[in-house]
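Please consider the structure shown here, with attention to its surface and to its empty space.

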Amino acid sequence: MIAIAVFAALIVLMVLGVPIGIALATTAGVVMFWMGGFDLTIMLAQRMYAGTTSFPLLAIPLFILAGNLMNSGGTTERIFAAAHLFVGRIRGGLGHVNVVSSMIFAGMSGSAIADAAGLALVEIEAMKKAGYSAKFAATISAVSATIGPVIPPSIPFVIYGSLANVSIGTMFLAGVVPGVLMGVAMMIVIALVARRKNLPVMEHRPTGREAVRIFAEAFPAVITPVIIVGGILGGLFTPTEAAAIACLYAFALGFFFYRELSMAGLPAILWETARQTIQVMFIIAGASAFGWILIQQQIPNAVIDGILSLSTTPWVVLLLVNLILLVLGCFIEAIAIMIMTYPVFLPLMAKIGVSPEHFGVIMVLNLMIGLITPPVGLCLYAVSTISNVPIRDLVSELWPYVVALLVVLGLISYVPEISLWLPRQFGLAA
Amino acid sequence: MIELLRTLDRAVFQAIRWGAIVSLLAILLLLSLGVFVRAVPVFSMSGYDEIIELLMAWMTFLGAAALWREGALFRVELLELVLPARWARWTTRLVKLVMLAFAVTLTAKGWEFTAGSLETVPFLAVSKQGWYAAMPVAGLLMTIYAMVGLLNDRPLGGGTIEPLPQSTGQH
């Protein structure tokens, strides 16, 4: 009963339009007051502070910065050009290029929003010039941005790893195959849509010399994940430090190699990064206070008992958890969901024999689908803003891709090897 | 008087903006230096995590106050879009009241938490109150912005992410 009241209050505040971080903190504050009067509300300040200053979370601003430096330093265009070499000549080729670019970009930035607000700009312009509709271009850009946080590096995996006490390096490896699978699923849908809509085929075929130049220019960007993940697995640096190295590398590429970054442009990039970071961190602060009251009220146990009373069959429990995460993803910001629900779902997963690494991938994929489902789909908002395509138009074009992602989610949920095979090869997962 | 307040408001916003930029840059440099010093141990880097925590706390809380002023904290705008204008205005007022209540609570409880802290930062050997003070200071600013927001009766802004300005080389 308390669980229902707490979540109902939170959802009412959010639907009214209270900023998400404040809705979480206010709900937590009211419950604290109800539990122990004004004295206990001091925990609001204590939890909000603790929520924002955990060391692994420092990777968040730095991976956002790496993405913004790539977008501003010319790296994004090189990635797009390189992806064009590989898949550009297929019917509807720029749709495929869009997805492959996002997969490569994902190897440098851990943020879906950095992809949706940066790389998408290049992708949508190029697709419109080539005769694709703005609606189609914007939809593919929003959908493909969700690959970013699944292929390493990844901000959600950093947060999940630090919350669930799971190696972040292991989580990064666990995301590789599912991320590639997401890309393949999107490309299958694009191929079907391309045939039905008779989408354009690129006529210009680059010469051998052009192809070598394009690939050579993109190569330093393409090898970034090897540097980041290799450095973490090799014990050279922690995931947080890896984020700093990714920033320095992105800066070096833009400033010295591509020569498109200038010192004069840096303050704007840093402020934009700070803005995006603060938006996320303030939600984490509120969610941290909210998570505390959930545990104090033993709400996780109540939810676990509720789910297990419906069924104890692992595949049914997993299905219910996926449904809950998908529904929450339509209304609540992804990181807030993760912080609120991990104390509930992690013990439940242990009871049905799902490893925390496997569940981390399942949870992040659910949350990424939430980024493109209305009413609270941040990638939709970001792409709609830069493309001037209304949200309703994006939504009408979106559903085949959402179905494809749900199929991938099903595969990942019920075939643990997809997530765990690669970490096992490095001796990192049981 | 109004012009003086506007100038002060702009100055505070610029100070927070530049503070956030410098904090972010400092975090990046400290972390990178940490990796370098571990590989080439030319000097000791103990205690840098305490400075990073300080920078992160102030950047987050003061920055949130700046985004509050801009109406740029993430929120759901669904109800405002579907309700008739009159109802939407009343909803906005209610939201602003909730935000004011939160801001006042953050100020009061943040201050109580800061003033009551006896912790010291191990390496720098100073009181941790300077770290925690980010909350009551940000709460106070939010309270001022919330009261101004209630008085001027303007709609709240949306929290959508804007692309980087053209001047940064964004295409």
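The paragraphs below treat a nonpolar surface patch and then the largest pocket.

The model is predicted. On chain A, a nonpolar patch of about 880 Å² lies at the surface. Its members are Trp315(A), Leu319(A), Leu323(A), Trp399(A), Val403(A), Val407(A), Leu411(A), Tyr414(A) and Val415(A). Two helices of chain A, H16 (314-331) and H20 (391-414), each contribute at least two residues to this patch. H20(A) accounts for the largest share, with five residues.

One member of the patch may be examined individually. Leu323(A) belongs to helix H16 of chain A. Its relative accessibility is 46%, and Leu323(A) is therefore classed as partly exposed, since that class covers values between 20% and 50%.

Attention now turns to empty space. Rolling a probe the size of a water molecule over the atoms reveals where such space remains. The largest pocket has a volume of about 1,000 Å³. Its lining comprises 30 residues, of which Asp9(B), Tyr145(B), Val148(B), Gly149(B) and Asn152(B) are the closest to the pocket centre. Four helices of chain B each give two or more residues to this lining: H1 (2-39), H2 (48-70), H4 (85-115) and H6 (134-152). Among the contributors to the lining, H6(B) gives the most, with eight residues.

What is the division of the lining residues into nonpolar, polar and charged? The lining of the largest pocket contains 18 nonpolar, four polar and eight charged residues.

Key: Residues numbered from 1 in each chain as written. Chains lettered and ligands numbered in written order. Predicted model: local features only at pLDDT ≥ 70, side-chain atom pairs only at ≥ 80, totals over all residues. Heavy atoms only, no water. Patch = residues over 30% accessible without salt bridge, like charges linked within 9 Å, V, L, I, M, F, W, Y side chains within 5 Å. Areas by Shrake-Rupley, 256 points an atom, 1.4 Å probe, with all protein chains shown as cover. Salt bridge = Lys/Arg side-chain N within 4 Å of Asp/Glu carboxyl O. Buried < 20%, exposed > 50% of the residue type's maximum accessible area, 1.4 Å probe, protein only. 1 Å grid on protein atoms, 1.4 Å probe; cavity = no way out; pocket = protein on both sides within 12 Å on 5 of 7 lines; lining within 4 Å. Points joined across faces, edges and corners; volume = space filled by probe spheres on them. Nonpolar A, V, L, I, M, F, W, Y, C, P; charged D, E, K, R; others polar.
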